[in-house]
Amino acid sequence: MTWTPARRKAFIISVLRSGTRRWPPKYETLNAAKTEKKVNPKSGRIAQHFVCNICKQEFVAKDVEVDHIIPVANADGFTTWDSFVENLYCGTENLQVVCKPCHSKKSFLEKTERKSNAKAATTKKSKKTIL
Ligand SMILES: [Zn+2]
């Protein structure tokens with residue numbers, strides 16, 4: 001198995017991302033979004049509910065995620081390791097609890113924006129090469 005620079009980078013990114021499971025501000029954010037313990041209509045059991053910061057609906061723990069309000073990879077994509085780590089391990093001020101559907105919509109929009117920015121950058125570069 002060869003470790004290309006891209007593969008090595010992807011590996012380190014995934015290790016850093018999994019470390020956020022132990023990042024205290026994430027749990028402070030989750031705690032702050034707690035609403036009440038009530039019957040989960042899906043299971044019929046009493047469960048702690050959390051409010052989504054986007055649609056304001058209530059969900060059980062497994063249906064919410066902690067999101068970076070300002071994405072870890074900004075609109076220009078990955079810049080430096082310093083800024084990546086700084087953004088990933090941020091304080092509660094840049095974290096919010098969102099439901100899975102809202103999170104995937106938000107992530108999709110962010111991804112689309114990054115892609116179009118990357119495309120614009122490539123177009124600029126190739127124009128420069130022609131000149
Ligand atoms: Zn939502």
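This tour proceeds from the whole chain to its core and then to a single residue.

**The whole chain.** The structure on display is a predicted model. Begin with the complete chain in a cartoon view, in which four helices and five strands can be traced. Followed along the sequence, these elements occur in the order α-α-β-β-β-β-α-β-α. The radius of gyration is 19 Å, well over the 14 Å that the globule rule gives for 131 residues, so the chain is more spread out than a compact globule. Turning the model to its principal axes shows the extent of the chain: its C-alpha atoms fill a box of roughly 65 × 30 × 30 Å.

**Burial and contacts.** Colour the chain by burial next; buried residues amount to 13% of the 131 residues. Among contacts with a separation of 6 or more, 61% join residues 24 or more positions apart.

**The largest nonpolar core.** Now select Ala 33, Phe 50, Cys 52, Phe 59, Val 64, Val 66, Leu 95, Val 97, Val 98, Cys 99 and Cys 102, the 11 residues that form the largest nonpolar core. Two elements, β4 (64-68) and β5 (95-99), each supply two or more of these residues. The greatest contribution comes from β5, with four residues.

**Cys 52.** Finally, centre the view on Cys 52, a member of that core. Which residues does Cys 52 contact, once its neighbours within four places in sequence are left aside? Its partners are Gln 57, Phe 59, Val 64, Val 97, Val 98, Cys 99 and Cys 102. Displaying these side chains together with the core selection completes the tour.

Technical notes
Residues are numbered from 1 along each chain as its sequence is written. This is a predicted model: local features need pLDDT of at least 70, side-chain atom pairs count only at pLDDT 80 or more; totals for chains, interfaces and linings use all residues. A nonpolar core is a set of buried Ala, Val, Leu, Ile, Met, Phe, Trp, Tyr and Cys residues joined through C-beta atoms within 7 Å. A residue is buried if 20 or more other C-beta atoms lie within 10 Å of its own, exposed if 12 or fewer, and partly exposed in between; C-beta atoms are placed from the backbone. Two residues are in contact if their C-beta atoms, placed from the backbone, lie within 7 Å. The radius of gyration is taken over C-alpha atoms; the globule rule is 2.2 Å times the number of residues to the power 0.38.
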